[in-house]
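Take a look at the model below. The text after it walks through the fold, one pocket and a set of salt bridges.

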Amino acid sequence: MSSSDLIHQYKTTCNKLKKIQRVLIKRFGPNVSEVTEEFGSLANSFNEAFLPEYAALCYVGQSKCEKLIGNDSGEVDALLRAARLFRTAHEKQARMETQNISQEYHEGAFRCYTQALSRLPDKSVIGAAIIRELKEIYPNVELTSDFSSPCHRIWDLEQSAEDSLAAKDYVGAFEKLSEIYDDVAERKCGALYQDVVNRIEVSRLLLLCLLQLPPSVRYDHKFIERYSTIGDGGGQQRQSQTNVGESSNGQQAQLPEDLVFLLQSLVVSCQAKDIDSLISARDELCQRADLTTSQQELLKEVVAKYGK
């Protein structure tokens, strides 16, 4: 079916929905379930035709049908599908390198997200997830959720730390990452968030190297001391995979021995102001697939700091 035929069918289905909305006695109007299915089928066809903006409109129509029969969950699901497809349409527009990129698709996504939120209770995990998605396109939107869980809090703090890193607020980034570290330890759920703990261990260490704080004001001085002698942490790690990154509150990181060795080399090079060794450690660390983009950027900043 051609794009023009699909659009014609979409308009026909929209007219059916309008008739349903106008008819007071519903048995004399089109069947709501059939119209809902038509919108869903059309959305799939538009997706296959690489027309996400029309697929989004179909899901908006489907959400109206679900609202008519009082199916809140169906309405929310259709609205979320529409929002995500509007975002896909915006990305498609951006890839085409249009000079004046319209914000209408992001605005459409915003309307769908906020309408979905209005159909959900305040302390809803879905509502918290919707707000998270919404803030990806409108970071400054003033919406919050009363829902709280360790994974949501960790995600929010990590995103906030990333924002701080982008703004070169390294102290703020360190504080947020430390808050995650302490929060996981307090809840005694380190085993569930081991990847997070490992990731934060590396980022915090790099930030301390970059900040060059004196011992009198250094955050958790024992933390960096564990990396100040090459080989000691590795020996402990062979006995127990958690000892190298153990914090004062008992939370532990499980880093590979070769990564621990390179981090120790980095810290010792920083302390000795040995630029050649520092660059060598950086080059080896940057080749590792387990370092994030932000961590690689921090490594470059560390070398630039000590190279002055």
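Read from the N terminus, the elements of the protein chain run α-α-α-α-α-α-α-α-α-α-α-α-α-α. That makes 14 helices and zero strands. Keep in mind that this is a predicted model.

Now consider how the chain is packed. It has 308 residues, and 43% of them count as buried. Take the contacts between residues at least 6 apart in sequence: 57% of these join residues at least 24 apart. The outside can be described too. The protein chain exposes about 16800 Å². Carbon and sulfur atoms supply 48% of that area.

Next comes a pocket. Rolling a probe the size of a water molecule over the atoms shows where empty space is left. The second largest pocket holds about 200 Å³ of space. It is lined by 13 residues, and the closest to its centre are Glu158, Glu162, Arg199, Thr292 and Ser294. Which elements give two or more residues to this lining? They are helix 7 (150–166), helix 9 (194–211) and helix 14 (293–306). Helix 7 provides the largest share, six residues. Sorted by class, the lining of the second largest pocket has four nonpolar, six polar and three charged residues.

Turn now to the charged side chains. How many salt bridges are there? The count comes to 12. Several can be followed one by one.

Start in helix 4, which spans residues 72–95. Here the side chains of Asp77 and Arg81 meet in a salt bridge, with 3.0 Å from N to O. Why can these two be partners within one helix? Asp77 and Arg81 are four residues apart in helix 4, so about one helical turn separates them. Both ends have some access to the outside. Asp77 has 38% relative accessibility and counts as partly exposed. Arg81, at 39%, also counts as partly exposed.

A second salt bridge also involves helix 4, but it reaches to another helix. Glu136 pairs with Arg87, and their closest N and O atoms are 2.7 Å apart. Glu136 lies in helix 6 (residues 125–137) and Arg87 in helix 4, so the pair ties together parts that are 49 residues apart in sequence. Are the two partners buried or exposed? Arg87 is buried, because its relative accessible area of 13% falls under the 20% cut-off. Glu136 is partly exposed, because its relative accessibility of 47% lies between the 20% and 50% cut-offs.

Helix 14 was met above in the pocket lining. It holds a salt bridge of its own. Glu297 and Lys300 form it, and their closest N and O atoms are 3.6 Å apart. The two residues both lie in helix 14, three residues apart, about one turn of the helix. Glu297 is partly exposed, with a relative accessible area of 41%. Lys300 is partly exposed as well, at 45%.

Last comes a group rather than a pair. Asp72, Glu75 and Arg119 are linked in a network of salt bridges.

To retrace the route, go back to the start of the chain and follow the helices again. Find helix 4, where Asp77 and Arg81 sit about one helical turn apart. Then look across from Arg87 to Glu136, its salt-bridge partner in helix 6. Finish at helix 14, which gives residues to the lining of the second largest pocket and carries both Glu297 and Lys300.

Technical notes. Residues are numbered from 1 along each chain as its sequence is written. This is a predicted model: local features need pLDDT of at least 70, side-chain atom pairs count only at pLDDT 80 or more; totals for chains, interfaces and linings use all residues. Side-chain values use heavy atoms; hydrogens and water are left out. Buried means under 20% relative accessible area, exposed over 50%, partly exposed in between (1.4 Å probe, protein chains only). Contact means heavy atoms within 4.5 Å. Accessible areas come from the Shrake-Rupley method with a 1.4 Å probe; for residues, only the protein chains shown count as cover. On a 1 Å grid over the protein atoms alone, a cavity is a set of points where a 1.4 Å probe fits but cannot get out, and a pocket is an open set with protein on both sides within 12 Å along at least five of seven lines; lining residues have an atom within 4 Å of a point. Grid points are joined across faces, edges and corners, and a volume is the space filled by probe spheres set on the points. Ala, Val, Leu, Ile, Met, Phe, Trp, Tyr, Cys and Pro count as nonpolar, Asp, Glu, Lys and Arg as charged, and the others, Gly among them, as polar. A salt bridge is a side-chain nitrogen of Lys or Arg within 4 Å of a carboxyl oxygen of Asp or Glu.
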